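Work through the exercises below with the sequence and the model open beside you. Each task is followed by a solution that goes step by step.

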Amino acid sequence: MTTALQATRLQDRLSSELTRLKDAGLFISPRVLEAPQRARTRILGREVVNLASNNYLGFADHPFVKERAAAYLHAWGAGAGAVRTIAGTLQIHEDFEAQLAAFKHTGSALVLQSGFTTNQGVLGSLLQDGDLVLSDELNHASIIDGLRLSKATKKVFKHKDLNDLRRLLQEHPTSGLKLVITDGVFSMDGDIAPLGEMVKVAREFGAVTYVDDAHGSGVLGEQGRGTVHHFGLQHAEDVIQVGTLSKAWGVVGGYAAGHQDLRELLINKARPFLFSTGHPPAVVGALSAAIELVQQDSSFIERLWDNTRYFKRELQTLGFDIFGSETPITPVIFGEAPAAFEASRLLLERGIFAVGLGFPTVPKGLARIRNIVTAEHTRDDLDTALSAYAEVGRQLGVIGG
Ligand SMILES: *Cc1c(COP(=O)(O)O)cnc(C)c1O
């Protein structure tokens, strides 16, 4: 075959895939922030109130966090220089993992490159043929992909439905490991997993519970210790916690926290840990400062929750449906996808950055704008957003008045 023919085949593949995505309404072109990740930033040349980030505590551009990142950069260099298992484990990596384990009140913690790779690493290392996994239907894509790496039998239970979970546990007896997997906080609806009850059901059947706490870390539990702590389960030896350092902590990374043996197994078996370079020093510095900051100063989490309560209450007063959200993730339902995308566009015209989500990211008829309130928003930011919402909601006939 000639090179030209191969190039044509590649081009055909690229353009047919792109056309397919566009026809299905799934084509994405990311908005570009022209200023740092903050409560107010700049998009398309104008200042906007930012309700689209996961920067819950406002740490992504916080001076204390940035200073520590710079200090670690200068003291330890730009990169780790190797995968962690060969020559890339620096003292600062180990120190940060000890700090994280102490913060989370778990025996140990291991940090991986991201929350996504953490699910790949943990699920890929832990599960074997003959094991049974029960996974909430709204669990994150990285859990679904992580499970693809294992030969365990996989069953999906209805969202937060403990009767369905119990039914599946009854119908699929196994002598292997049984793992009940749930997000701590669900990223689209902002609701919290019923962890206390779920762990009880798991225990009835001798199953272990696995919580991906990406949206709960830094948000729920005393000082932001997470959903597992919120339910008082941090000392439970049959609960595995994973999460991200990329959302509330404002930087990047993932962690698994639990028994020392879990950490050792992951060091030996988790493929992202074994075959991909660890975090650069600046990331480690920024993360250590973020965990310190939230413990020194309780006002970040207080402001996060004050803002959350205020924004939710005012949206409901305006007549919007926020779909039972319990956390700073605040969906506003617009019905079908085109309405949500139109609302997002109209909000941006009014200086509000909030992203519309439709099928298949969320169910048909429940297209929405997902807002995430942060500690950094002022009352003025939120009031600006609320009056834009009122106008757009009336214009699209989603609220009366
Ligand atoms: C965002 C998210 C992840 C991915 O975390 P990253 O650190 O961004 O890779 C994993 N799990 C859940 C539940 C998430 O919401």
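**Exercise 1: contacts of the ligand**

An oxygen atom of the ligand is 3.5 Å from an N or O atom in the side chain of Ser114, a polar contact being a pair of N or O atoms within 3.5 Å. The model is predicted, so that local features need pLDDT of at least 70 and side-chain atom pairs count only at pLDDT 80 or more, whereas totals for chains, interfaces and linings use all residues. Residues are numbered from 1 along each chain as its sequence is written, and side-chain values use heavy atoms, with hydrogens and water left out.

Task: find which backbone and side-chain atoms of Gly115 and Asp212 approach the ligand.

Solution. Step one: at Gly115, a backbone N or O atom lies 2.7 Å from an oxygen atom of the ligand. Step two: at Asp212, a polar side-chain atom is 2.6 Å from a nitrogen atom of the ligand. Step three: of the 380 Å² of accessible area that the ligand has on its own, the protein covers 87% (Shrake-Rupley method, 1.4 Å probe).

**Exercise 2: the shell around the ligand**

Task: state how many residues surround the ligand, and how they divide into nonpolar, polar and charged.

Solution. Step one: the ligand is surrounded by 13 residues, the closest being Gly115, Asp212, Thr244, Ser246 and Lys247, where a residue is near if one of its heavy atoms lies within 4 Å. Step two: the shell comprises two nonpolar, eight polar and three charged residues, with Asp, Glu, Lys and Arg counted as charged and Gly among the polar ones.

**Exercise 3: backbone geometry in two loops**

Task: locate the cis peptide bond and the residue that has a positive phi although it is not a glycine.

Solution. Step one: the cis bond joins Phe359 and Pro360, with omega about 5°, and Pro360 lies in the loop between strand S12 (355-357) and strand S13 (367-372) (strands are DSSP runs of E, at least two residues; helices are runs of H or I, at least four). Step two: His105 has a phi of about 60°, and His105 is found in the loop between helix H4 (91-104) and strand S3 (108-112).

How values were computed: A polar contact is a pair of N or O atoms within 3.5 Å; within protein, one must be able to donate a hydrogen and the other to accept it, and residues adjacent in sequence count only if both atoms are side-chain atoms.
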